[in-house]
Amino acid sequence: METRYLPYILILPVTLFLCLFFLYPFVLVAQQAFWTDSGWSMQNFRDVTGHWKFPISLKNTLYLAAIVVPVQLVLALLMATMVRNMKKGRDLVLYVWTIPLGISDLAAGIIWLAIFEQSGFLNSMLSGLGVVDKPINLLTYQNPGIVFIAIALAEIWRATAIMLVILVAGIGLIPKEYYEAAEVFGASPWKRFTRITLPLLRPSLSTALVIRVILAFEVFAVVQAIGGTLFPVLMSETFNYQFELLNSGAAAAVALIILAISIAFTVLILRLLRVPKGATI
Amino acid sequence: MTTVATDTPMTDPRKAGRYVYAAGVFLLCAWVIVPLYFLLINTLSSPEAVNAFPKSFVPEFDLGSLTFFAGFAGMLTALKNSILVAVLTMILSIAVGAPAGYALSRFDFRGKEVFRMLILLTRAFPLPLLALPLAVMFIRTGLDDTIFGLALVHTTLAMPFAVLITFSLFSGIPLELEEAAWTLGCTRLTAFTKVVLPLILPGITASAIFAFVISWNEVFAAAVLTIENRTLTAFLLTNLDTSPLHLKFAGGFILVVPALIFIFAVRKYLFAMWGIANR
Amino acid sequence: MAEIEIRNVAKRFGDYQALHDINLTVADQEFMVLLGASGCGKTTLLRIIAGLETATEGEVWIGGKRVDHLAPKDRGIAMVFQNYAVFPHLTVFENIGFGLRMQKLPNDEVKQRVERTATLMHIEQLLKRYSGELSGGQRQRVAVARALAMEPDVILMDEPLSNLDALLRMEMRAELKGVLAESKTTAIYVTHDQVEAMSMADRISVMHQGKIVQAASPIEVYRNPSAVFVAGFIGNPPMNFLSATPAGDGKWQVAGNVIDGPHAKGPLQFAIRPEDMSPSESGLTATAKVVEPLGAHLLVTCEVDGKIFRAVLDSDLTVKTGDVLTLAPQADRVRWFNPETTLAVA
């Protein structure tokens with residue numbers, strides 16, 4: 001009967017869409033990356049990784065992720081536990097905390113540029129407090145540390161919200177009785193957090209981390225807005241190869257490297273936070 | 001003295017704890033709001049004030065920067081393009097994604113798990129990267145540098161979310177309601193339009209808005225795929241090193257405003273959506 | 001006029017056989033109850049009749065028309081669901097009138113029929129409300145009214161009272177029976193509650209493991225269960241069973257007594273309902289283990305021949321734990337079963 005085919009008809013548009021705009025371009029990227037004038041080769045990868053900027057942009061990307069993601073995780077967990085017990089104003093606080101969710105990385109970069117640029121608010125504050133007598137240019141070659149901090153702060157500011165939303169939703173799924181039971185058995189708030197919240201939150205934690213880590217490797221516009229060319233990352237290299245150097249083979253190779261790192265970390269996170277069968281809520 | 005000392009220790013640490021808690025909540029709110037406030041100051045100040053030093057910490061309510069933004073060549077077109085692409089993305093992703101969400105929630109079919117995995121997989125992919133080969137493909141098909149072409153790519157970005165969110169929304173409507181409609185004279189289609197659709201509409205709107213925001217904020221693919229018909233994000237990005245500060249800030253502000261409104265509009269659904277999508 | 005006929009219906013879900021070769025005829029205006037424990041296939045059978053599920057094999061006929069290839073809307077049925085399925089986005093009025101609107105009846109007829117059925121179900125004062133503002137019992141009434149407003153040939157009910165509290169259930173039971181008798185509709189009613197089945201049905205079909213074990217009037221099912229399963233499932237406390245060995249010429253040896261029985265090859269199972277026994281000079285020797293005074297009766301759980309054996313006795317009797325009773329079974333109420341086939345032996 002028709003109902004047997006109905007589900008397939010319903011998923012057909014999505015499937016076609018994904019084949020056309022996901023699988024097909026993916027094949028094309030791979031093809032571009034491995035194809036040079038002389039045929040199939042790893043030449044593009046050798047070129048890309050051999051370039052002097054590659055180690056720097058790889059290091060920058062990884063450092064940034066290594067600092068930003070753990071800070072966001074802790075912050076998001078803290079915020080999620082804070083709203084859990086909140087009675088008054090929970091909705092308002094959650095709204096404020098999730099605002100950055102709707103803000104693009106470019107806008108976030110511009111917002112933090114307003115703080116860190118030479119005539120920006122940080123300099124204004126410092127001079128107001130008498131720490132500096134004239135505005136200093138913070139975002140320069142001389143201050144790579146400050147550039148890094150500014151970018152990290154913008155990233156933390158912007159993208160903690162996505163983790164927060166996932167974790168708040170996850171915590172909402174944990175029945176209150178577990179906490180009450182633990183309290184009756186004498187568990188302190190900290191023990192309740194480490195023994196109940198964290199283990200039962202594993203599925204949400206892994207979703208949040210996977211999404212966040214992938215986004216961290218894709219970091220681009222924030223960096224572009226604040227650091228410009230001062231702070232090369234993998235994604236900006238891709239962009240440069242494509243537009244400045246018009247070398248789409250190299251751009252594709254960097255893209256595949258980003259992809260490989262993303263997949264490696266996704267697998268790692270899913271492994272580490274795997275929930276044994278039957279131990280779900 | 002002694003009575004006070006013996007009475008208070010029971011309540012004091014708790015009270016202190018509550019103050020720390022309230023202060024923490026307040027600080028975290030400030031952490032989100034203060035940078036936004038700075039952007040607001042810059043936007044509502046004259047171009048001269050934006051480039052001056054030291055900065056004032058209150059806006060002077062001068063529309064100079066915004067008028068400059070509006071008058072800047074190509075900026076309003078870019079804004080219009082952004083809105084068009086986002087609206088198209090919103091319509092496409094719901095129109096294409098919702099049927100799949102319905103299929104996932106209502107049917108058991110061979111290949112269902114594979115399909116779900118494919119959807120989840122796309123979510124775990126750095127999708128903007130795929131804009132690179134699409135640029136070539138679009139040139140061949142004449143979709144390059146068009147609103148529609150970019151909307152297609154943004155739809156791919158928004159699709160996994162649209163499918164998973166509508167999946168969870170449909171799962172929240174008991175099948176029994178649809179069955180009741182069938183026994184009362186409805187076909188599958190009329191039962192859907194008369195019973196399921198009215199119940200699900202607010203949720204659909206929320207996920208449509210979510211798709212809008214995804215497209216509105218997307219930078220990389222927009223910059224790669226458009227040249228003449230830049231969206232706002234692409235325009236701002238490609239002019240970052242040449243445009244004056246007040247233009248950047250006004251542009252950033254325009255980017256942020258819809259986000260504020262949209263997050264407010266969908267706040268009720270944000271958590272429910274993720275709660276089910278995680279399972 | 002609608003007779004329902006189910007011919008050789010079978011249903012498989014993958015490897016699981018939910019229904020085996022079901023044959024059942026429900027007469028016009030009959031109230032048929034499908035009774036069984038959860039997972040016995042009764043709801044699946046009802047859903048196949050409704051058209052919400054497709055049978056793997058077999059035919060469904062309603063009112064002399066084969067319907068198993070038709071959509072639910074074309075079968076002339078109405079259904080009441082376990083969780084009521086009252087549409088939350090519509091008022092009570094629009095819920096009851098939903099099916100009529102789908103038939104594109106004129107407004108004033110819809111209004112008239114909605115009001116009539118609402119009055120019948122005593123919910124005429126709720127017509128403007130939404131489902132969220134109704135109690136469980138009121139929602140139940142809306143669901144029934146919605147089905148009745150369709151004036152269907154057949155009304156199908158899937159455990160409609162199971163979500164109500166005990167008192168409300170009893171009240172609705174009587175009311176539903178009256179309303180349905182008046183509407184002259186053929187009804188199929190699924191339940192796991194034997195009291196509901198006994199009190200409402202014209203006929204009961206007892207189902208077990210995807211088969212109809214017995215289809216008969218309530219009193220017949222109670223008095224003459226056709227199989228051990230029916231005997232054990234219906235009646236509370238359940239029927240007592242003891243093994244019987246042949247003692248020749250229609251006589252059977254049961255727990256040291258010789259009792260008249262059928263002329264059959266042994267061994268058999270002797271069965272008697274707890275209320276069909278009385279203390280007497282001769283009979284089964286029973287040691288009282290637990291004594292429960294229930295007001296109207298005295299329920300005594302004893303041991304006979306090393307087996308649990310229950311007796312419902314007059315509440316005037318004084319029985320203590322450890323007392324040894326002699327219980328005489330009422331001869332015309334004794335039933336016999338073949339332990340191999342588990343079927344009744346005449």
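This report describes two interfaces of chain B, one with chain C and one with chain A, and a helix of chain A.

The model is predicted: local features need pLDDT of at least 70, side-chain atom pairs count only at pLDDT 80 or more, and totals for chains, interfaces and linings use all residues. Residues are numbered from 1 along each chain as its sequence is written, chains are lettered from A in the order in which they are written, and side-chain values use heavy atoms, with hydrogens and water left out.

**Two interfaces of chain B**

The size of an interface is often given as the accessible area lost when the parts come together. Here buried area is the accessible area (1.4 Å probe) that two parts lose on being put together, summed over both. Contact means heavy atoms within 4.5 Å.

| Interface | Residues in contact | Buried area | Share on carbon and sulfur |
|---|---|---|---|
| Chain B and chain C | 16 residues of chain B, 20 residues of chain C | about 1700 Å² | 75% |
| Chain B and chain A | 82 residues of chain B, 87 residues of chain A | about 7800 Å² | 83% |

**Chain B with chain C**

Chain B and chain C bury about 1700 Å² between them. On the chain B side, B:Glu176, B:Thr183 and B:Leu184 lose the most area to chain C, and together they account for 42% of what that side buries.

One salt bridge (a side-chain nitrogen of Lys or Arg within 4 Å of a carboxyl oxygen of Asp or Glu) is found across this interface. It joins the side chains of C:Arg47 and B:Glu179, at 2.6 Å from N to O. Five residue pairs, both at pLDDT 80 or more, are in polar contact. A polar contact is a pair of N or O atoms within 3.5 Å; within protein, one must be able to donate a hydrogen and the other to accept it, and residues adjacent in sequence count only if both atoms are side-chain atoms.

Helices are DSSP runs (H or I, at least four residues), numbered from the N terminus. In chain B, α9 (175-183) and α10 (188-217) each supply at least two residues of the side that touches chain C. The most comes from α9(B), with seven residues. By class, this side of chain B has nine nonpolar, four polar and three charged residues.

**Chain B with chain A**

Between chain B and chain A the count of salt bridges is zero. Seven residue pairs, both at pLDDT 80 or more, are in polar contact across this interface. The side of chain B that touches chain A has 62 nonpolar, 13 polar and seven charged residues.

**Helix α2 of chain A**

In helix α2 (residues 43-50) of chain A, the buried residues (under 20% relative accessible area, 1.4 Å probe, protein chains only) are A:Asn44, A:Phe45 and A:Val48. They lie on the same side of α2(A) because they cover an arc of only 95° around the axis, taken from the directions from the helix axis to the C-beta atoms.

Methods: Nonpolar A, V, L, I, M, F, W, Y, C, P; charged D, E, K, R; others polar. Buried < 20%, exposed > 50% of the residue type's maximum accessible area, 1.4 Å probe, protein only.
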